[in-house]
Amino acid sequence: MDYNSIIESLCFKFGSAVTEFDIFRWLRNFEDSEWDMALNVLDKVVYYSSDRIDESLETYIKKIISKYPNRHIQILPSGSVGKSGHVMAYHAKKVIEMLGMPNNVLSLLNLKCLETTEKNAVIVLLDDFSGTGESIKKFYDAQVKQVVNKKKGLNVCVLTVAFLEKAKTLLEGKYGLEMYGDCYRPAFIRRGSVFGYERNMIEVRDFCFKKGVLLLPDWENTELKPLGYLNSQALVCFEHTTPNNTLPILWYDDYVPGTHKKWHAIFPRFVNSRIERGRRLRLNSNFWLSSMSRLKLPNIEWSRHHTVDSLRLISYLALKYRGRSDFYIAQVLGISMADVEKIVDIGKQKRLIDQSGNLTHQAKTIYSEIRKKDRILDNAIAKNLSKQNINTVYVPTSFQGFS
């Protein structure tokens, strides 16, 4: 099997969300003979980048508006502050601003203002993903249901970027809450599995289950199972997080219980994993700034002093070059959105970021020149990913600025 071309294809599929080294490091969790199976699983992952999240929300918000004309659509983030629903509020706000509709037609709703909602409004419970529907059901029961009972004219629906059929069965079938979003079936369903015929599907399922048991040896006593929360069998990942309904072999990022072996996630679930990547990124930022001082390029005088602003700016350019959103960058660097906005303002002043928030040609040139310093690592990985060298692979400590 040509691993080089397969891994390159996967990097393209995920839109630079992962590098060749990220995939390679994840593959090393498995035995060499299991790489084909692992890559088959990775190929079926549905990944939502920041842009794809925005596009999905825009599509379904428009559908809700179309179904409820002349009604005030109010989008209410599900869950407590800091949870995924409030991350989606960041995206929903961008979509609302882009649509440019009056505030009395489409707006975000704060939970504190729920009691003041007009009687003919449509409340849209917002989240990124729903695997079983239970979290949204609990939020509805605790925070929304009482208000709905008081104001008989209210309509309530649910908007998630993605959800599983089980969630739809609960929320629509039992609660009458119409769902909007991309619907997915469990990965190992007997008919219609993404892994094809039943015989092949069972082989992949058993592989994922076996590895999941290694990561979660106490699974029989918890709700988190080898195939995800309550064995949901999801294959959905987001730029900002990965639901625990998704297969643990994709997001588990800790030592394998009972061993000294670290399992490396390909799509980390927790912010701490991203912040750890950010720590390594900041270390590389110093190297990048030093490298820039030797480049014969215009507009690089800001790199000569390793200040907090210059370190953050080069880190921002590196992540933006890879297509990352501002929200993700804030997570990785462990800073607030206000700090990110400050970096963007500095970048605009230095003509590295345009008024639309995109990298200018100068910025792309600077970072592409820095990347050339890592070309030797590119070549090392490409060489060692070949089938002939699979048992003697060299693992570099850093690749394109990431460890």
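## Exercises on a predicted model

Ser232 sits in the loop that runs between strand S8 (228-229) and strand S9 (236-238). The model is predicted.

**Exercise 1. Decide whether Ser232 is buried or exposed, and list what surrounds it.**

Step 1. Take the accessibility. Ser232 has 8% relative accessibility. The cut-off for buried is under 20%. Ser232 therefore counts as buried.

Step 2. Look for a polar partner. A polar atom of the Ser232 side chain lies 2.4 Å from the backbone oxygen of Tyr229.

Step 3. Look further along the sequence. Leaving out residues up to four places away, Ser232 touches Thr132, Leu164, Pro186, Leu227 and Asn245.

**Exercise 2. Describe how helix H2 and helix H3 cross, and say which residues meet.**

Step 1. Locate the helices. H2 covers residues 20-27 and H3 covers residues 35-43.

Step 2. Know what to report. Two packed helices are described by the angle between their axes and the distance between the axes.

Step 3. Read off both values. The axes of H2 and H3 come within 10 Å and cross at roughly 125°. H2 is therefore oblique to H3.

Step 4. Add the hand. The crossing of H2 and H3 is right-handed.

Step 5. Name the residues. H2 supplies Ile23, Phe24, Trp26 and Leu27. H3 supplies Trp35, Ala38, Leu39 and Leu42. This contact of H2 with H3 has 8 nonpolar residues, no polar ones and no charged ones.

**Exercise 3. Work out how many residues of helix H12 are buried, and what Gly334 does just after H12.**

Step 1. Count. H12 spans residues 326-333, and 8 of its 8 residues are buried. H12 is thus described as mostly covered.

Step 2. Check the names. The buried residues in H12 include Asp326 and Gln331, along with Phe327, Tyr328 and Ile329. Ala330, Val332 and Leu333 are buried too.

Step 3. Move past the helix end. Gly334 takes a positive phi of about 65°.

**Exercise 4. Place Asp339 and classify its accessibility.**

Step 1. Find the element. Asp339 belongs to helix H13 (residues 337-349).

Step 2. Classify. Asp339 counts as partly exposed because its relative accessibility is 25%.

Step 3. Relate Asp339 to Arg312. The two are 27 residues apart along the chain, and their C-alpha atoms are separated by 9.4 Å.

**Exercise 5. Summarise the whole chain: how many helices and strands are there, and what share of residues is buried?**

Step 1. The chain has 15 helices and 9 strands.

Step 2. Of its 403 residues, 52% are buried.

Step 3. Take contacts between residues at least 6 apart in sequence. Of these, 65% join residues at least 24 apart.

Conventions: Residues are numbered from 1 along each chain as its sequence is written. This is a predicted model: local features need pLDDT of at least 70, side-chain atom pairs count only at pLDDT 80 or more; totals for chains, interfaces and linings use all residues. Side-chain values use heavy atoms; hydrogens and water are left out. Helices (H or I, at least four residues) and strands (E, at least two) are DSSP runs, numbered from the N terminus. Buried means under 20% relative accessible area, exposed over 50%, partly exposed in between (1.4 Å probe, protein chains only). A polar contact is a pair of N or O atoms within 3.5 Å; within protein, one must be able to donate a hydrogen and the other to accept it, and residues adjacent in sequence count only if both atoms are side-chain atoms. Contact means heavy atoms within 4.5 Å. Axes are lines fitted to C-alpha atoms, for helices over the stretch in contact, and angles run from 0 to 180 degrees between N-to-C directions. Angles under 35 degrees count as roughly parallel, over 145 as roughly antiparallel, 65 to 115 as roughly perpendicular and the rest as oblique. A crossing is left-handed if the near helix is turned anticlockwise from the far one by less than a right angle, and right-handed if clockwise. Ala, Val, Leu, Ile, Met, Phe, Trp, Tyr, Cys and Pro count as nonpolar, Asp, Glu, Lys and Arg as charged, and the others, Gly among them, as polar.
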